[in-house]
Amino acid sequence: MQFMLLFSRQGKLRLQKWYVPLSDKEKKKITRELVQTVLARKPKMCSFLEWRDLKIVYKRYASLYFCCAIEDQDNELITLEIIHRYVELLDKYFGSVCELDIIFNFEKAYFILDEFLLGGEAQETSKKNVLKAIEQADLLQESQTEDWGGLANEEIL
Amino acid sequence: MALKIVKGSIDRMFDKNLQDLVRGIRNHKEDEAKYISTCIDEIKQELKQDNIAVKANAVCKLTYLQMLGYDVSWAAFNIVEVMSSSKFTYKRIGYLAASQCFHEGTDVIMLTTNQIRKDLSSPNQYDTGVALTGLSCFVTPDLARDLANDIMTLMSHTKPYIRKKAVLIMYKVFLKYPESLRPAFPRLKEKLEDPDPGVQSAAVNVICELARRNPKNYLSLAPLFFKLMTSSTNNWVLIKIIKLFGALTPLEPRLGKKLIEPLTNLIHSTSAMSLLYECVNTVIAVLISLSSGMPNHSASIQLCVQKLRILIEDSDQNLKYLGLLAMSKILKTHPKSVQSHKDLILQCLDDKDESIRLRALDLLYGMVSKKNLMEIVKKLMLHVDKAEGTTYRDELLTKIIDICSQSNYQYITNFEWYISILVELTRLEGTRHGHLIASQMLDVAIRVKAIRGFAVAQMATLLDNAHLLTGNTQRNGICEVLYAAAWICGEFSEHLEDPMQTLEAMLRPKVATLPGHIQAVYVQNAAKLFATVLQKHEGETDSQAAQETSQLLIERLPLFVQSANLEVQERASCILQLVKYIQKLQQKNVEVAEEVTALFAGELNPVAPKAQKKVPIPEGLDLDAWINEPPSESESEDEKPKAVFAKEEPKHSRSRHTEVDEKELARRREVRKQEQANNPFYIKASPSSQKVYDAPGVEHIPVVQIDLSVPLKVPGMPMSDQYVKLEEERRQKEKAEKKKKEKKKKREKRGKGRKADSGPESEEDITPAHHVDIVTEEMPENALPSDDDDKDPNDPHKALDIDLDNLLSGTSSRPLADSEKLPVRTHRPEVLKSPAEDRDNESIPQESKKKSSKEKKEKKKDKEKDRKRSKEEKKKKKKHKEVEEEPMESQPEEAIQSEDSKEMAAPPTSAEEVTAPSSAAAVDTSPVAAAESEPDEPKDTEPEDTKSSKHKKKKQKKEKEEKEKKKKKRHHHHHHHHSDGGGEDSVQNGTVEDEEPLPPMSNYSLLAENSYIKMVYDIQGNHQDESKVVVSVIFENKSDSFLKSMEFNVLDSLNSKLQRPEGAGPHDGLTVPFQLPPGVSNEARFVFSVQSIVMPQKLKGTLTFIVKSEESSTHEKLDFKLHFTCTSYLITTPCYSDAYAKLLESGDLKGSSLRLEGVNMPFHHLLARICFHHHFSVVERIDSCASMYSRSIQGHHVCLLVKTSDQTVSIDAKCDEPSLLGNVLDEIKQTFSKC
């Protein structure tokens, strides 16, 4: 997978993850182009399109579009599965996720994605394991925050 | 006061965390940019503070803003600061920000290396995980090089969580630093059989990605993957493996044959669509690779087509789409199987989803035959009329043309029909593809001579009705066809029935509204028509008609002379003057026709599109060399390259205006581009070239949608349908003549499509309506035969095309060269050679080359030997091989941060082989398991002679050689590497003569041993530093307990000191950066600084460690003595004989000599030993006399002249440091006294 984008029906980018090194300019250009292309498609159309030399796989969940770019030989259906998995993970984590959850906790959404995919490949196919890893990392984070008494008592370095 | 400010800003920070920022942005929809700029100012303030929590919060907000498209590159350093926080909470945010914002150009990445390394080795697996995740996004070649070894170590981490991440990220590392692939591959391969399914799947992922790009290097893994495929139940893994096989089979068709069965089984059994789809795709790929010369697998193809039909019939648009996509792959090799589903595919043309319709169109392309072409095109024409969007209609148009023109108009039997289709297509208003139609018209008219009469008539009609085409706007793409029409009418005007009428049509005032390049063609071809008219009327007594024609031209041309378009103006004024002159002659009754016709005489031949490319470059011609002095930079580069060809045309050679503004220039360029694109002299004949005609000029033209529900009907234009009927009738007549079966004829008329491929009429039976002579394109006489489609040289995967087979199979292997070791971080980084530096050292590549040549010899030798060999033996060897590969890649050294060094199932190292060969087999279980499974594999699963089994046979042959010998030899090779590239010439010697193989040699000698642990060591000098040597110690756990907390300490002498990390006391020990599970060994390196190297030295030292068994743990220690010989200060350095001679002549060297009695070994063995054990290289060897050279780390030259006769060896030696020489000679003496 080359990259994954999440954007709203209004075309606002909600999440982006790039697994190939590109300049910011190029990223912006690609994003703009893809958001337009995908939003212009009719609801009944299939989830795949060819774009440049890549294949775009997208799926709409409520008001959010999940959009992945894969290479020519990659499997479109498994990519849909990955998208679906990710949505399920978000759903489990946030408890019936909505767009606002992702907007306000965008770093969490990234953390979950990073536990699920690494370098564009699925690293963990078990939902349970992903959630476990996230929970533990969160726990670690919380205990540290407690240890340090929260932000207010943060020692000045 | 200052405190107040600080406090104030902290307060403000509390006011605005990420949520507040997001909320704020949402509340400031109208002035978002302004709001965000104030936020960024605040963030800048926050970043200035020392409080890491404040910084982390600021960085978190920046990450969000970055996503919104704001530039945050200025905060890169702050991101690094947050990454470096010791607290996971902030570290996590820092790494997230880095992975979102950093790219290869971010310069602060350089600063992160040590931080990342520290995090990678953190005791907290989540620190490691977060670092790995981040690294996967922003790894650079530098980071990859510096961290490759650390990540590789993590591949053997105890926690699967880390292992799987490390394995996955290795792929990114390989891409950035391809040199790491070979050393890391054995371990990666090992992970294919990791007990944790996640790690296993990660390894499958990585190897599949690697293999997809360079499949040939991974063929030998096929049996292993085959086993995985048949045993795994994880669909994710299965999909990857099946995809991998898809990449492998084209290289090894026999593999494909074996795959068919398990794949068809999966197709039958799986319920997962993604897996089904992958299987079908791979079966298709396999069948494609099998299609040549194999019995047909019609059953499998049928199965695939059937399954795809189910997909296509599914209501899910996605499945429908993919079904069609896969169908189009089958179509290429098995068109008949797909053609039988024509009904379904035609049905898809009506699908509401445009992308599905387009896919169906793709399929049509391959489904046409001579028989059904007309029918299919007819259907498409209906769709053209119905199509709602211009994009889709344009797509249809190009598809129609593609289908018809494919393989040189192979399927067209009636060109009249095709011309009518093209003419009908001109009714499409708003199309962008006027060029395409025009070029087809030109191509057909030029190449199919028989059709010219018809074509000219049609074109004349088009010209006559030009107003219908141009409509109300002259900027309509379709008017391009007028260009073709005018040209055809002019060029082939002899076929015109009424040239006068056409001439009149071409000179109508309305023409002046057409685009310039078309007008130019009009004017030029009007002149051609004029010539034809003159000729027609020549000889007639009444010259009235001819004179009227002249008059017409003289009246009409001035309109074009006034044209703003230079081209039109120029041509018109020339022709006008010419006609005026002719008129004068006519009035004098002079016959001019012949002379005027001569202006346009000559036949045009089509030139193949590749013709230019195929002209071989004459010897000695350098096209890149400058003919003149290169022009200065300041000149416009834009114009330059184009000018080369444009100027060849006379019309562009003169410019009337010397001063033209930029606009005019741009416009002219545009015109010229179009001119070139449309110039008939550039016509390319094959369909593929048609894309060239998409002149950029028309693309931006706004396209007006026009309701075409009532098709425009151009009066007098023939409808293609009538040709369809005519053609059918014609065919039947033909058939009737042949067969006289009336009934069959009728049925055929109706059910033609259905029986397309099963009908009694074969393709060849359909003869073209006319005798069609398709002129083939011309090629230069000495054209080069093939066109080489080069791969993209910038493809990052190209660098990963690395031969790994040898690494795996071992026997014929090119072992890892020194230069291929991963950079290992010792506790003094400066000791390290980077691989780049390594490459600078000439001796290394040379050495490996020579080695491989030697191996080839070995191979041959081996083959000749006895063929039988017990399987048992083979297995043992395999193990042996596996074991042997390991040491090169495992030298993890992280002395500094090894406080919490990880437990590692470290693979055994070479030392064991040498010192305890019996233990080697028993030690490492996983490679052994791998090895064992492999030889079995081909028997069970590959009864046929697949390549891999062949491979094995070869191996078998090779291994016929007696076990012992083999072992010896391999040790020999292997240790050459360890001796820092030592003895390149000894290897050479080995090759030069087919003498008996060299005995085993190792430089590792025993350091100390007790019941728990055994240490062997080797000391090597370093190229870079004259006062440092590296001591490599291999620790082997001999006990059943776990050894941990090993600490290595040496009592320094004045001369030699152990290098300790900064801040450590002179008596502190160094922690060995690993722990040893029972039976495992691993290597660590320690750097010593030395002052004088002329004397050997011994250092006392102690190793302390904790022995941990299930119930107890005890503290143990082991004393040792490190022996620094003078030899260890010598570095193998190649020396050329002339330099050597000069050195000896210089007289700076002092001599000494040595005699060895009773040395009973071949001379080349003797030399090899000196090379190997004492780091010399052979300068020259003549019979039983050889000169040798070495250099110390401090630059002393050591020269030897070795002679042998009757078991006596005399060594004359010279060196600029006599005591060093004396000691080295003593050591050499000792070496030989031992044997």
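Here are three short exercises on a predicted model, each with a worked solution.

**Exercise 1.** Work out which strands of the five-stranded open sheet in chain B stand at the edges.

*Solution.* Start with the strand order, which is β1-β2-β3-β7-β5 in chain B, with antiparallel pairing. Now look at the ends of that list: β1 (1005–1009) and β5 (1056–1058) of chain B each have a single partner strand, so one side of each has no neighbour in the sheet. While you're there, note the twist, which averages 30° from one strand to the next. Finally, zoom in on one end: β5(B) pairs with β7 (residues 1081–1090) of chain B over three bridges, in the antiparallel sense. One pair to find by eye is B:Ser1056 and its bridge partner B:Val1090 in β7(B).

**Exercise 2.** Find the residue that stands opposite B:Leu1043 in β8(B).

*Solution.* First get your bearings in the open sheet of four strands, ordered β6-β4-β8-β9 in chain B and paired antiparallel. Its edge strands are β6 (1070–1071) and β9 (1113–1124) of chain B, each pairing on one side only. Next, pick out β4 (residues 1042–1050) and β8 (residues 1097–1108) of chain B, which are joined in the antiparallel sense by seven bridges. Follow B:Leu1043 across to β8(B) and you land on B:Val1107.

**Exercise 3.** Sketch chain A in outline, starting from its helices and strands.

*Solution.* Chain A has five helices and seven strands. Walk along the sequence and they come as β-β-α-β-β-β-α-α-α-β-β-α. Then check burial: 58% of the 157 residues of chain A count as buried, using a cut-off of under 20% relative accessible area. Last, the surface: chain A exposes about 6,900 Å² of accessible area, 51% of which belongs to carbon and sulfur atoms.

Terms used: Residues numbered from 1 in each chain as written. Chains lettered and ligands numbered in written order. Predicted model: local features only at pLDDT ≥ 70, side-chain atom pairs only at ≥ 80, totals over all residues. Heavy atoms only, no water. Pairing = 2+ DSSP bridges. Helix = DSSP H or I, 4+ residues; strand = E, 2+ residues; numbered from the N terminus. Buried < 20%, exposed > 50% of the residue type's maximum accessible area, 1.4 Å probe, protein only. Areas by Shrake-Rupley, 256 points an atom, 1.4 Å probe, with all protein chains shown as cover. Axes fitted to C-alpha atoms, helices over the stretch in contact; angles between N-to-C directions.
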